[in-house]
Amino acid sequence: SHHHSICQFCEAVHTTLPYTLAVYLVRHLLSADATEGAVARATGGLVALWCLAQLFTSIPWGRVSDRVGRKPVIVVSALASAVSTVAFGGATSLKTAAVARFVGGALNATFVALKCVLAESCPPGAQAAPMSLLATGWGVGTLVGPALGGLSSPCGWWPARAAGARVCAPGTGLFVVRPFLPPAIVASTLSLLSIVAAVAWL
């Protein structure tokens, strides 16, 4: 059941990562004269798109997992989360960020498949502990996801080490042009844990 919680942890990280960095991403992408109201509306919409997409795709994904199995759905979900989160963090327009967020949510069915796995693999009366570990994985992920937002703009908060780094070259460096890419890369790398857990143990 620990491997189930690893998968749940990774989904929670991808779900909550934008909670701290989205407002700064929106300010970075909108025009300099954008009002605080416009920033607030865009930020709220951007963060909500992931869960909005899941609202429409959770039931279809459940039916797909009945046909092809739980493991393929979990692996596809982890890969989709990784790619969409990198696209979100590296977006150069609000539209790109929104599409990445929506597609990532639409293709993520980890929670659906994991609950099915637990229901099918645990005998009646022995489901409480695995379910609690699933909840623990989600809880830890909701702590780590927003915290990763603090890795944004590393060239600014670690200038001594960043000074000679090509990714921090003034005006052209990757992390200067796309300051929100570092936390997205870290979050997407964590998806490898979910894939390994799914392939090796589920």
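Which element of the chain has the lowest mean pLDDT, and which the highest?

## Model and confidence

Helix H9, residues 159-162, has the lowest mean pLDDT among the elements of the chain, at 57. Helix H5 has the highest, at 97. The model is predicted, and pLDDT is the predictor's confidence in each residue, on a scale from 0 to 100. Over the chain the mean pLDDT is 89, with 95% of the residues at 70 or more.

## Nonpolar surface patch

Seven residues are listed for a nonpolar patch on the surface: Leu52, Leu55, Phe56, Val99, Phe102, Val103 and Leu107. The area of the patch is about 640 Å². Two helices, H3 (36-68) and H5 (94-106), each supply at least two of the patch residues. Helix H5 is also the element with the highest mean pLDDT.

One of the patch residues, Leu52, is found in helix H3. Leu52 has a relative accessible area of 37%. Because that value lies between the 20% and 50% limits, Leu52 is partly exposed.

## Salt bridges

How many salt bridges does the structure hold? There are 3. One of them pairs the side chains of Glu36 and Arg27, with an N to O distance of 2.8 Å. Glu36 is exposed, at 52% relative accessibility, while Arg27 is partly exposed, at 41%.

Arg70 takes part in a salt bridge with Asp66, where the closest N and O atoms are 2.9 Å apart. At 14% relative accessibility Arg70 is buried, whereas Asp66 is exposed at 55%. Arg70 also forms a salt bridge with Glu120, and here the closest N and O atoms are 2.2 Å apart. Glu120 belongs to helix H6 (residues 110-121) and Arg70 to helix H4 (residues 70-89), so this pair ties together parts that lie 50 residues apart in sequence. Through shared partners, the salt bridges join Asp66, Arg70 and Glu120 into one network.

## Cysteines

The structure holds 1 disulfide, formed by Cys155 and Cys168 with their sulfur atoms 1.9 Å apart. A disulfide is a covalent bond between the sulfur atoms of two cysteines. The torsion about the S-S bond of Cys155 and Cys168 is about -80°, and the disulfide is therefore left-handed. Cys155 sits in helix H8 (residues 154-157) and Cys168 in the loop between H9 and helix H10 (174-177). The two cysteines are 13 residues apart, and the pair links distant parts of the chain. Cys155 is buried, with a relative accessible area of 17%. Cys168 is buried too, at 13%.

Which cysteine sulfur is nearest to that of Cys7, and how far away is it? The nearest is that of Cys10, 6.8 Å away, and Cys7 is in no disulfide. The cut-off for a disulfide is 2.5 Å between the sulfur atoms. Cys7 is buried, with a relative accessible area of 1%. Cys10 is likewise in no disulfide, its nearest cysteine sulfur being that of Cys7 at 6.8 Å. At 3% relative accessibility, Cys10 is buried.

## Ser5 in helix H1

Ser5 is part of helix H1, which covers residues 2-16. Is Ser5 buried or exposed? With a relative accessible area of 13%, Ser5 is buried, because the limit for that class is under 20%. Leaving aside residues up to four places away in sequence, Ser5 touches Leu133, Leu134 and Gly137.

## Backbone at Ser153

Most residues other than glycine have a negative phi. Ser153 has a positive phi, near 50°, and is not a glycine. Ser153 is found in the loop between helix H7 (128-148) and H8. Helix H8 also holds Cys155, one of the two cysteines of the disulfide. At 31% relative accessibility, Ser153 is partly exposed.

Key:
Residues are numbered from 1 along each chain as its sequence is written. This is a predicted model: local features need pLDDT of at least 70, side-chain atom pairs count only at pLDDT 80 or more; totals for chains, interfaces and linings use all residues. Side-chain values use heavy atoms; hydrogens and water are left out. Patches are made of residues with over 30% relative accessible area and no salt bridge: like charges are joined within 9 Å, nonpolar side chains (Val, Leu, Ile, Met, Phe, Trp, Tyr) within 5 Å. Accessible areas come from the Shrake-Rupley method with a 1.4 Å probe; for residues, only the protein chains shown count as cover. A salt bridge is a side-chain nitrogen of Lys or Arg within 4 Å of a carboxyl oxygen of Asp or Glu. Helices (H or I, at least four residues) and strands (E, at least two) are DSSP runs, numbered from the N terminus. Buried means under 20% relative accessible area, exposed over 50%, partly exposed in between (1.4 Å probe, protein chains only). Contact means heavy atoms within 4.5 Å.
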